[in-house]
Amino acid sequence: MAKSALLKSSIGKKYWMALTGLFLCLFLAGHLAGNLQLILGTPLQFNEYALFMTTNPAVKLLSYLTYISILFHAVDGILLAIQNKKARPIGYAKNNAAANSGFASRNMAVLGTLILFFIATHMVNFWAKMHFDKNMPLMTKSIEIQPGMSQEYYVGTSVGQYYPVDQVQSENIALQAGEAPKQLVIKNRTELYNAQVDIKMGDLYKDLHKLTFAFFKDSKTGLIATIGYVLAMIVLGFHLWHGFQSAFQSLGVNTPKLNTAIKFFGKAFAVVVPLLFAIIPLYIHFIK
């Protein structure tokens, strides 16, 4: 009964909102560190990061925890907003919310809903394609085999593994009439096999770097996608501006010295993290 009451009460909801919110702040920091490789690292480094994030068992477990936290945080926020609205005096005409609270604190539910919509579209455009799209590009590299002559190679996940593209048969593309059989064949989207003896030769990288650059540099939709992403980061910044320090208050961390530090760090986090996220698509679209 005590646990049930804690989950259903306003205080219980605020505790869970705070805990899931702070966990998602940690996720944002980690996700940003990986995404910054799009502009600070090489395509291989970013694709290595993407492979690690989608195959490492511990990271996959944290990913599921993140998905649950997002849903729990969103549902809990909606329930709290409804509960708070019902608790307000209906006939109190002189209540001036703008004078008593900031824009972010008054609109956390709206800001959170917009962020949830962004997360959904973001996952459709990147996460879903990375995991389920049969046409997800594989990473290739142009290597100069002799002066003035280069050849395209698939990049293997083991160091030094390169496979000539013209010797590899894609599992989604059939051989043309009269075309000679290839020496290698791709199976299960990323596994490379010897076509004659059906022995696995290695694994290939999914090219999330190429997919991301193509998305933001697309001649028709790239600018819209870039602007939409930047606007989403502005919304995220407002949400974090109030939410970060509010989470600590909900958890009872409320001493004068700590409040000053939390307020400073929270506002810095709310500005720096969304700003760095926003710089990435701007750099890809306008500079790279």
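Lys-187 forms a salt bridge with Asp-198, with 2.4 Å between the closest N and O atoms; the term stands for a side-chain nitrogen of Lys or Arg within 4 Å of a carboxyl oxygen of Asp or Glu. This pair ties together distant parts of the chain, 11 residues apart, with Lys-187 in strand β5 and Asp-198 in the loop between β6 and β7 (200-203). Strands here are DSSP runs of E with at least two residues, helices are runs of H or I with at least four residues, and both are numbered from the N terminus. The model is a predicted one, so to speak of local features takes a pLDDT of at least 70 and side-chain atom pairs count only at pLDDT 80 or more, while totals for chains, interfaces and linings use all residues. Residues are numbered from 1 along each chain as its sequence is written, and side-chain values use heavy atoms, with hydrogens and water left out.

Both partners of that bridge are partly exposed, Lys-187 at a relative accessible area of 30% and Asp-198 at 45%. On this scale buried means under 20% relative accessible area, exposed means over 50%, and partly exposed is what lies in between (1.4 Å probe, protein chains only). The structure holds 3 salt bridges, and Glu-191, Lys-200 and Asp-203 are linked in a network of them. Lys-200 pairs with Glu-191 at 3.8 Å between the closest N and O atoms, and with Asp-203 at 3.1 Å. As for accessibility, Glu-191 is buried at 18%, whereas Lys-200 is partly exposed at 38% and Asp-203 is partly exposed at 25%.

The loop between β5 and β6 (191-194) holds Asn-188, and Arg-189 lies in the loop between β5 and β6 as well. Phi is positive at both of these non-glycine residues, near 55 degrees for Asn-188 and near 75 degrees for Arg-189. Asn-188 is exposed, with a relative accessible area of 54%. On the other side of β5 (184-187), Lys-182 sits in the loop that follows β4 (168-169). Lys-182 is buried at 17%, and a polar atom of its side chain lies 3.1 Å from the backbone oxygen of Asp-166.

Now for the nonpolar interior. A nonpolar core is a set of buried Ala, Val, Leu, Ile, Met, Phe, Trp, Tyr and Cys residues joined through side-chain atoms within 4.5 Å. The largest one has 39 residues, and Leu-208, Met-233, Leu-240 and Phe-277 touch the most other members. At least two residues of this core come from each of α2 (10-35), α4 (43-55), α8 (108-132), α9 (208-217), α10 and α11, and α10 gives the largest share, 10 residues. Beyond its neighbours within four places in sequence, Met-233 is in contact (heavy atoms within 4.5 Å) with Phe-118, Pro-274, Phe-277 and Ala-278. A second, separate core has 8 residues, among them Tyr-154, Tyr-163, Val-168 and Leu-184.

On the outside, a nonpolar surface patch of about 870 Å² includes Phe-103, Leu-223, Ile-227 and Phe-286. Patch members have over 30% relative accessible area and no salt bridge, with like charges joined within 9 Å and nonpolar side chains (Val, Leu, Ile, Met, Phe, Trp, Tyr) within 5 Å; areas come from the Shrake-Rupley method with a 1.4 Å probe, and for residues only the protein chains shown count as cover. Helices α10 (222-250) and α11 (256-286) each supply at least two residues of the patch, and α10 has the largest share with 5 residues. Phe-103 belongs to helix α7 (residues 103-106) and is partly exposed at 44%.

How values were computed
Polar contact = N/O pair within 3.5 Å; in protein donor to acceptor, adjacent residues only side chain to side chain.
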